[in-house]
There are 2 protein chains.
Amino acid sequence: MARFVFPTPLMSPSFSPGSGDIAPEVLAAQARPALPCPGGELDALLQSLAERMQPLLGTARPVYFLGSSASGLMEAAVRNLVEGTLLVSVGGPAGERWARVAAGCGRTVERLEVDWGETLSAEKLAAALQAQPYPAVALTHHETATGTLNPVAEWAEAVRQASPDTLILVDAASSLGGLPVEMDAWGADFVLGVSQHALNVPPGLGIFSVSARALERAAQVAGRGWYFDLLTLERQRLRDQTQDCPPLGLLYALDVQLDRMQAEGLTLRWARHAALGQRLREWAESRGMPLLAPAAAQSPLVSCLQNRLGLDVAALNRYLQPRGLRVGQGVGMLRDRTIRVAHGGELQLHDLEALLNAFDSFLTQ
Amino acid sequence: MARFVFPTPLMSPSFSPGSGDIAPEVLAAQARPALPCPGGELDALLQSLAERMQPLLGTARPVYFLGSSASGLMEAAVRNLVEGTLLVSVGGPAGERWARVAAGCGRTVERLEVDWGETLSAEKLAAALQAQPYPAVALTHHETATGTLNPVAEWAEAVRQASPDTLILVDAASSLGGLPVEMDAWGADFVLGVSQHALNVPPGLGIFSVSARALERAAQVAGRGWYFDLLTLERQRLRDQTQDCPPLGLLYALDVQLDRMQAEGLTLRWARHAALGQRLREWAESRGMPLLAPAAAQSPLVSCLQNRLGLDVAALNRYLQPRGLRVGQGVGMLRDRTIRVAHGGELQLHDLEALLNAFDSFLTQ
């Protein structure tokens, strides 16, 4: 086969969820010469990054880094913390992924389902746990396919009330960095994120934290393996000794991106995302494309517009592309029924206004 | 904690095994803007890289890429291909890792051990398999801690003769790219490598191939999980659809490094490694530091010198460091008994001569 030829210029990923813009200096940071691996400098870097990530995960617990996707970290949670049946809340593809990963690991899965975009009520979650004391429940903080921000604080409170011994596992893959994640305040036992969504770092780095009681639970579970074994990772951390060589370039990129996020101010960054979301929602409603998610659960990072005008999203993107713009197609069963617009990360209000102007021109052409 | 401060200038990793020099243009390639993920361009890049890696793995089978260390790919092999007991050849840390990963996955492990640096005889391997038809045997191509290149072709032939149904799993983590790996000629069922050793690409990318009969075997094994599930990976490949977002920067870096390796010529590159090894061996023997590995199994990539002069390797490195040079400490039980010198990757004869001159000055100071 011929050598792959990179597209020139690269398609702009703006407003297309899941492939956020990455700042040039963050991309460039990957090219730093490699630190010796394993080695003392690497451990100092990991330690520094872990402490800088604690406020973003909302935890005082240690933070771990691993070359992995979100699904891989779900596998880590399941293999270490779930013997028997996992209760899974499913309202979109992320919830589906929890269920599929757990089944792949040979666990029984009990699903609590709502229509894609909707949110499960805390009462239904509590009722399921009162009926049966599941060892763990898997929740999704943010569904990027539906633009739904789930009430994890409420859910976790309901779980703790109904079944205090049930471990609370939270996928924050698409929210971490883009809005508050509150592991300790939630009382969550495992919270996972990745580099490439709202952290706006290139893909490939998994980031997670785990509670003390979950580590104790893991010690009772056999067949945890090696790569995703929480006790091996914790042992390496305590010894300041990573045995495996992590994706160094992504650690360097995260280091620079955390500088950028701190320079802007986390709260201001999150407020910017929310303001863009507000502007987009008002525009979309006025054009007859209300959001899929109910008002109380609309995401500050990505909006999923109901495609009530029957627009051809591929044609829309062909119109937007020469203008350096692009929106997201719907996902799965929502493919033709929705249009997705990301408004987190590095995007500014003037970027969004440019998109809305172009979108309006497309509508009136 | 304070922000991590990168050492300036970075320590030169030359001649220190496990952290090979990386060409500036390979490092820089990581900073290319991200391709949309998932997407058609990404699949075309993966397909191109897979075909370009086939000659390096010595296979006509598909090649897979995954954000993972070598241990992670061992876990993939074990979870998918081993039910019951794994027979493991152990002659150094890589063999030990096979055993530890398999045990972590809940498999029984039967060890065939030799002293570190030595190589197991094909006869002993055959005898073990005649006594019991293990479902799989785990071999190590190259032990970077001992500088031993194992006779995998001979071993695999012995396995196939003694027990044709036994799957042959080969760790080529530290040899892939630096010397011929011959998956198809060996008749191996799973061969794994990583980016950061003899491919001289930054760390974090796992690369492997798997035989058709091994994929059939995997279909019978329960609890394969998700991240390392061979059938999920194969399904995604056939659909041209990666569901997870791979470490893109490392794919870009590998693409550029394969250009560089092809420009030099693979055979010439390997001959260069061997010539440097020959020069080093002669020097080391003349200085009273013969190699640990027996003559027939000495690695063209890294030499493990017996520290018969009782040198303090830390003091040696303190002497070498201002000259931009560095050698490797012994590993594990060989820590004080050996000195390791890498001579693969980007190193040229004049680099080695500079090291030997400095080493001689240290010896006579």
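This briefing covers how two chains pair up and one unusual backbone angle in each.

This is a predicted model, in which local features need pLDDT of at least 70, side-chain atom pairs count only at pLDDT 80 or more, and totals for chains, interfaces and linings use all residues. Residues are numbered from 1 along each chain as its sequence is written, chains are lettered from A and ligands numbered from 1 in the order in which they are written, and side-chain values use heavy atoms, with hydrogens and water left out.

**Symmetry**

- A turn of 180° and a shift of 0.0 Å along the axis lay chain B on chain A with an RMSD of 0.0 Å. The superposition is by least squares on the C-alpha atoms of residues with pLDDT of at least 70 in both copies.
- The two copies are thus related as by a two-fold rotation axis.
- B:Gly67 comes closest to that rotation axis of the residues of chain B, at 2.7 Å (C-alpha).
- The same surface serves both copies, as 100% of the contact residues of chain B recur in chain A.

**The interface**

- In contact (heavy atoms within 4.5 Å) are 61 residues of chain B and 61 residues of chain A.
- The size of an interface is often given as the accessible area lost when the parts come together.
- Here chain B and chain A bury about 5,200 Å² between them, 62% of it on carbon and sulfur atoms. Buried area is the accessible area (1.4 Å probe) that two parts lose on being put together, summed over both.
- The rule finds zero salt bridges across the interface. A salt bridge needs a side-chain nitrogen of Lys or Arg within 4 Å of a carboxyl oxygen of Asp or Glu.

**Who lines the chain B side**

- The elements of chain B that give two or more residues to the side touching chain A are helices H1 (24-29), H2 (40-57), H3 (70-81), H4 (93-104) and H10 (248-264). Helices are DSSP runs (H or I, at least four residues) and strands are too (E, at least two), numbered from the N terminus.
- H2(B) gives the largest share, seven residues.

**An unusual backbone angle**

- Most residues other than glycine have a negative phi.
- A:Asn200 has a positive phi, near 55°. A:Asn200 sits in the loop between strand S8 (190-194) and strand S9 (205-210) of chain A.
- Is A:Asn200 buried or exposed? A:Asn200 counts as buried, at 3% relative accessibility. Buried means under 20% relative accessible area, exposed over 50%, partly exposed in between (1.4 Å probe, protein chains only).
- In chain B, phi of B:Asn200 is near 55°, and B:Asn200 counts as buried at 3% relative accessibility.
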